[in-house]
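User: I am new to this structure and should like to go through it by question and answer. Please explain each term when it is first used.

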Amino acid sequence: MIPTANDLLRILPEVVLAGFGILVMMLEPFLGRGGKRALGPLAFLGTVAALAATVIQAGHQGYAFGRLLVVDTFSVYLHFLLISITGLSVLASLRYLERENIDHAEFYALLLFGAVGMGIMVSANELVMVFLGLETSSLASYVLVGFRRTDGRATEGAMKYFLLGSFATGFLLYGIALLFGAAGSTVLNDLAEKLQANSPGFTLALMGMALFFVGLGFKVAVAPFQAWTPDVYQGAPSPVTAFLSTGPKAAAFAVLLRVFWTAFEPATGIWFWLLWGTAALTMFVGNLGALVQTNVKRMLAYSSIAHAGYILVAFAAGNELGVAAALFYLIAYALMKLGAFSVVAHLSVNEDHQSLEDYSGLHTRQPALAACLTVFLLSLIGLPLTGGFLGKFFVFQAALRAGLVWLVVLGVLNSILSVPYYLRVVKVMYMGEPRESAAPLAPVPASLAFVLTLTALGTVYLGILPDAVQQFVTSSVLSLTLP
């Protein structure tokens, strides 16, 4: 099949990202040490160009390459989110890579290639395309986790991520195979039509649906598929952890929303209980695990698991309000986690100095940094005037509308459970005395200052003036229907 002009326009952001990724890698051999400093800004320029391409893509909505991909307001919203996450991750890593002596072009290229895979995932209208996008993103992520090749923790994390990710991919593919056997197609439109409760292959389809959920459940780190998360997040370079905890997770949740809300809609009464139980388990596993951590980076890793549980609460609501709440929560979560892990990246030297004691008295050493981290932590708790508060409010509101009272009670209880470990960091920063042996902190680079300012202001903006984002989210949900 020869691609048409509309086909190419509908994958324009992926083309731009891949082109800049290739360009960054090709330029490195011709640049000296000083010239290599331009590769990071070039990669960031690629994400800016991809955002412009997304604006063009938004004006050409419809199917691409037959019915393999679809461009609708839902995918456009996710493109803006995922490309922005990639661009901010590039900026947050610029001086970090130089400091850690791992400033290589392939780092930026892998971030861009990972964004290509995530873009394919959120536009996929066919399950094999979901797999291709997921693997493109995952292969880049595996390498990024182990980018500090001389660090045993990074090597261990990359190996665990690769092995467990391979098993998860096997579940995903087997689920797709069963769904194809039940419906004779892997296109979402066809699945929705053929997987009716009284169809001959409905039981087979349910098995395929469960395996498909296992495969993507690994990527979003929901219990009981979360075991890899703390070790991988701790071992990876901190800017990579910021990227992993936001981008791939948002893309995988987008796939779950599109597939379950459309193709698996006839089985709503069955997968509802799967989501209910998984959401409750994930919240408790994440928060209870975070309570006993003394390593801030590892604590934030367990926190990421808990927040996946909150998103599943909205998912379990099974209504348009729940989908809108999940999409709003994704952008609030991305701002909080990108900012928090970027602070960790600046304070970590050789991926050390991540214990609570290392944050003692931070407000006297770098007050702006302590203030930004405080905003992110308070938002992660869900306090008013932050994006985290409205994110949880919309999630619990959608669940209550669906009659999920007990799940909301468990969600609120878990929010209370999270208060001690977040406030413990704030207490240490503002009430602790700096360690006498603490090394002087390097000034915050301009690129990192931009990231922290944008994420902190964005977190507060979502908590005070969420209307514009809500309107975009609502139109995204309305487009998430099959013609």
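User: How many of the 19 residues of helix 9 are buried?
Analyst: This is a predicted model, in which local features need pLDDT of at least 70 and side-chain atom pairs count only at pLDDT 80 or more, whereas totals for chains, interfaces and linings use all residues. Residues are numbered from 1 along each chain as its sequence is written, and side-chain values use heavy atoms, with hydrogens and water left out. Helices are DSSP runs of H or I with at least four residues, strands are runs of E with at least two, and both are numbered from the N terminus. Helix 9 is mostly covered; with buried meaning under 20% relative accessible area, exposed over 50% and partly exposed in between (1.4 Å probe, protein chains only), the number of its buried residues is 14.

User: How far apart are the end C-alpha atoms of helix 9?
Analyst: The expected span of a helix is 1.5 Å times one less than its number of residues. For the 19 residues of helix 9 this gives 27 Å. The distance in the model agrees with that expectation, because the end C-alpha atoms are separated by 26 Å.

User: Which residue takes a positive phi just after helix 9?
Analyst: Most residues other than glycine have a negative phi. The residue in question has a phi of about 60 degrees although it is not a glycine, and its place is in the loop between helix 9 and helix 10. It counts as buried because its relative accessibility is 0%. The residue is Ala221.

User: Is Asn101, another residue with a positive phi, buried or exposed?
Analyst: Asn101 has a phi near 60 degrees and is a residue other than glycine. It lies in the loop between helix 4 (73-99) and helix 5 (105-123). Because its relative accessible area is 58%, Asn101 is exposed.

User: Which two residues are joined by a cis peptide bond?
Analyst: Most peptide bonds are trans. The cis bond here has an omega of about 5 degrees. Its proline is found in the loop between helix 9 (202-220) and helix 10 (229-235). The two residues are Ala223 and Pro224.

User: Which residues does Phe225 touch, not counting those up to four places away in sequence?
Analyst: Phe225 lies in the loop between helix 9 and helix 10, and it is partly exposed because its relative accessible area is 25%. It is 11 residues from Val214 in sequence, and their C-alpha atoms are 7.6 Å apart. With contact meaning heavy atoms within 4.5 Å, Phe225 touches Val214, Gly217 and Phe218.

User: Which elements give two or more residues to the lining of the second largest cavity?
Analyst: On a 1 Å grid over the protein atoms alone, a cavity is a set of points where a 1.4 Å probe fits but cannot get out, and lining residues have an atom within 4 Å of a point. Grid points are joined across faces, edges and corners, and a volume is the space filled by probe spheres set on the points. The second largest cavity holds about 40 Å³, and its lining includes Leu134, Tyr142, Thr169 and Phe218. The elements are helix 6 (127-145), helix 7 (152-183) and helix 9.

User: How many charged residues are in the lining of the largest pocket?
Analyst: A pocket is an open set of grid points with protein on both sides within 12 Å along at least five of seven lines. The largest pocket has a volume of about 430 Å³, and helix 4 gives the largest share of its lining, eight residues. Ala, Val, Leu, Ile, Met, Phe, Trp, Tyr, Cys and Pro count as nonpolar, Asp, Glu, Lys and Arg as charged, and the others, Gly among them, as polar. The lining has 20 nonpolar and four polar residues, and the number of charged residues is none.

User: Which helix gives the most residues to the largest nonpolar core?
Analyst: A nonpolar core is a set of buried Ala, Val, Leu, Ile, Met, Phe, Trp, Tyr and Cys residues joined through side-chain atoms within 4.5 Å. The largest one has 169 residues, and Tyr108 and Phe212 are among those that touch the most other members. The greatest contribution, 20 residues, comes from helix 15 (residues 320-347).
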